[in-house]
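Student: I should be grateful for a close look at a single part of this structure, followed outward to whatever surrounds that part.

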Amino acid sequence: MRVWRKVLVWGAVTPFAGWTVLRVSGWEPVWPWTPLVAYTPYAAVVAGAGLLLAAAMRQRAAAVVALATTVVLAGTVLPRGFADGQHQASADGGTLRVLAANLLVGSADEAALVALVARLRPDVLALQELTPDALTHLDAAGLRTTLPYAVTRPKPGAGGSAVYARHPLTAAEAIEHGGFRQVRATLRHPSGPEVEIVSVHPCALRLYARQPCWRSGLRALPDAGDGSGPLRVLAGDFNATLDHLLVRELLATGYRDAADVTGHGFTATWPQGGRLPGVAIDHVLADERMSVRAFGVHPLRGTDHRPVFAVLALP
């Protein structure tokens, strides 16, 4: 009986100890670990259950390992559920309201999206998976009435994107990778500063063969810089969470995740209405010179993603 207790307990504890080592090390070259790391918040909860099991079975060594595993994973993910105190920083140069939505190969309900825009009143709308038909339907639904300026790069399939705005835009060269176009545009804000907006959408990680495309799409995103360059906002479907090393490296250049700093980092954005556990793969990353005043996730018919919305204050 003692042997079976040990087998049971160590079988529950060991996988999450390994998960912790991989997550902390940042080692992500092997599929399917790369998509699995997105579920680290769930792993932290299950690791805690393993600790309770080890304690109940009086397996001291396993309990020590499970305790270390639970503490490390909890320390990694728990801060996302608490506002960090910096989202109300002293940036007061004007407000920038940012909305991002993945249209699921153009199948999202255009009227519902236009209604969401009317309700939230964004200054910027970043769209992903914009098809030529969806572009036509959005124009017919009146999107350009509310957001008259646009840089659009539609494509059949999932590779198109766009940036719409309430204020004038200047197009920049789109980030092209693996058939995907991540639109870049510079917004001239009425309060004075110019802000570069990127509609983010690297390849999805559903297949092993797409992993290089996913990596190249994230690595091609511009760094926040040293504080002397233009303000930047990256908004859209990153196909990655805060547990992915490439996102953490991007944040380290000088961005802040709007959901994280406002305490909404556990709010899932995908899948909407799916059977899989939800994860936060849609983000608004703002230059750290901006403050984040608010963040929210909203429903949208016809797509598997929930749009993300952030209110930023410019320096």
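Tutor: The account below begins with one helix and then turns to its surroundings. This is a predicted model, in which local features need pLDDT of at least 70, side-chain atom pairs count only at pLDDT 80 or more, and totals for chains, interfaces and linings use all residues. Residues are numbered from 1 along each chain as its sequence is written, and side-chain values use heavy atoms, with hydrogens and water left out.

The part chosen is helix α1, residues 2-25. Helices (H or I, at least four residues) and strands (E, at least two) are DSSP runs, numbered from the N terminus. The expected span of a helix is 1.5 Å times one less than its number of residues. For the 24 residues of α1 this gives 34 Å, and the end C-alpha atoms are 34 Å apart, which agrees. The helix nevertheless bends by about 25° at W10, where the bend is the angle between axes fitted to the seven residues ending at a residue and the seven starting there. Just after α1, G26 takes a positive phi of about 80°.

One side of the description concerns burial. Buried means under 20% relative accessible area, exposed over 50%, and partly exposed in between, with a 1.4 Å probe and protein chains only. In α1 the buried residues are V9, V13, F16, A17, W19, T20 and R23. They pack against α2 (33-36), α3 (40-56), α4 (60-77) and α9 (245-252), contact being heavy atoms within 4.5 Å.

Two of these buried residues merit attention together. F16 and W19 both lie in α1, 3 residues apart, about one turn of the helix. An α-helix has 3.6 residues a turn, so residues three or four places apart point the same way. F16 counts as buried because its relative accessibility is 18%, and W19 counts as buried because its value is 13%.

Rings of Phe, Tyr and Trp (its six-membered ring) pair if their centres lie within 6.5 Å; planes under 30 degrees apart count as stacked, over 60 as edge-to-face and the rest as tilted. By this rule the count comes to 3 aromatic pairs. F16 and W19 form a stacked pair, 6.5 Å centre to centre with 25° between the planes. These two residues and W33 form one aromatic cluster. Y39 and Y42 form a tilted pair, with 6.1 Å between the centres and 40° between the planes. Y39 counts as buried at 18% relative accessibility, whereas Y42 counts as partly exposed at 38%.

W19 and R23 also lead to a residue outside the helix, V37, which touches W19, R23, E28, D243 and H244, not counting residues up to four places away in sequence. V37 is found in the loop between α2 and α3, and its relative accessibility of 1% makes V37 count as buried. V37 and A240 are 203 residues apart in sequence, yet their C-alpha atoms are 9.1 Å apart in space.

To recapitulate, α1 bends at W10, and its buried residues pack against α2, α3, α4 and α9. Its residues F16 and W19 share an aromatic cluster with W33, while W19 and R23 are among the residues that V37 touches.
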